Amino acid sequence: MAVLIEAGFPVVVLDNFSNSDPSVISRLERITGKTIRCVRADLRDRVALIATLKAHGVTDVIHLAGLKAVGESVSQPIQYYGCNVQGTISLLEAMQETGISRLVFSSSATVYGDPHYLPLDEAHPTSATNPYGRSKLHIEEMLRDVARSAPDWHIVCLRYFNPVGAHPSALIGEEPSGIPNNLMPFVAQVAAGIRPELQIFGGDYPTPDGTGVRDYIHVMDLAEGHLAALRYLVDHPGWEAINLGTGVGYSVLEMVSAFEAASGRAIPCNRVSRRAGDIASCYANPERAQRLLNWHAKRGLEDMCRSTWAWQQERRSLS
Ligand code: UFG
């Protein structure tokens, strides 16, 4: 959002704050020096949505609202389909009602399922292995049908690879509640002494060092990808799916070493068995984003680790 505001876009935030803290808004105001308009509402509240879209004269929507924990989605599928799929239907109805037809949707590389080949391009077949992934896939398919139904829809689905890192101000970043599911926030908490060790899930994958390989992308690059998508949408009707990744994969051990170097802290590790549902390797072919959006990731692993560490240290004084 800071990237959008700095690019001159007047932004309105709509959030139910189910997985975020309202204090983020004042921190964003500190970063941008602007007052941020914010509405506390649930995406499934169509009346509130329509009122917000009308009151603020919204022209474009970036839809990032959704639940995103794979394990939780297996035990709570109704909640996941309700929030993610029903929330999107509600948004589409509100957009239709108010005549707004430009939408950027935050999708995920999870829609590729188990890779048949690497790097993953957008033509790779899609599939899902859990309710979270299926909800993203359902939404993508729903959006494609919507875009086919009338020529005025302009929709881009951005397939995120593994977002990491934080804003350079160290004022905003990822704040997992409870035990982090994802690698980087967990590593940051081990470095900070909050958790005793990192469990490395599997050391026998067919990768150079036996640990899982992923395409980690800096959140600031991801944010710039959204800005590029918004600009693209203006004169491109229809539906597109576009990868947001770097094209480079790093293993868990490479991530740990990079984080140790950035933080100056040792990260004790313990290799345990594979995590159910994990794949060996996943990384993007980012050429389509370059071609259509004129966007590519600029920030490297060092910046990802350094900004995560700065945020990890800062967030404790903010909370
Ligand atoms: N890992 C560990 N220990 C941990 C956490 C993770 O070894 O404590 C390993 C995993 O096994 C994997 C790698 O670190 O090899 C990355 O794991 P993450 O949980 O950070 O990320 P995933 O690639 O499993 O999942 C992410 C998102 C999902 C999304 C998926 C595909 O969290 O929402 O990418 O895009 F579906």
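The following paragraphs go through the surroundings of the ligand and then turn to helix 7 in this predicted model.

The ligand is surrounded by 20 residues, and the closest of these are Asn182, Gln199, Arg214, Arg275 and Asp278. Sorted by character, the residues of this shell comprise nine that are nonpolar, seven that are polar and four that are charged. Strand 7, which spans residues 198-201, supplies four residues and with them the largest share of the shell.

Oxygen atoms of the ligand take part in several polar contacts, and these involve both side chains and backbone. A polar atom in the side chain of asparagine 182 is placed 2.7 Å from a ligand oxygen, while phenylalanine 201 brings a polar backbone atom to 2.9 Å from an oxygen atom of the ligand. In the case of serine 108, an N or O atom of the side chain is found 3.3 Å from an oxygen atom of the ligand. Considered on its own, the ligand would expose 690 Å², of which the protein buries 89%.

Helix 7 covers residues 183-191, and because nine of its nine residues are buried, the helix is largely enclosed by the rest of the structure. The threshold behind this reasoning is a relative accessible area under 20%, which is what buried means here. The buried residues of helix 7 are Leu183, Met184, Pro185, Phe186, Val187, Ala188, Gln189, Val190 and Ala191. Just after the helix comes glycine 193, whose phi angle is positive, at about 80°.

Note on methods: Residues numbered from 1 in each chain as written. Predicted model: local features only at pLDDT ≥ 70, side-chain atom pairs only at ≥ 80, totals over all residues. Heavy atoms only, no water. Buried < 20%, exposed > 50% of the residue type's maximum accessible area, 1.4 Å probe, protein only. Helix = DSSP H or I, 4+ residues; strand = E, 2+ residues; numbered from the N terminus. Near = heavy atom within 4 Å. Polar contact = N/O pair within 3.5 Å; in protein donor to acceptor, adjacent residues only side chain to side chain. Areas by Shrake-Rupley, 256 points an atom, 1.4 Å probe, with all protein chains shown as cover. Nonpolar A, V, L, I, M, F, W, Y, C, P; charged D, E, K, R; others polar.
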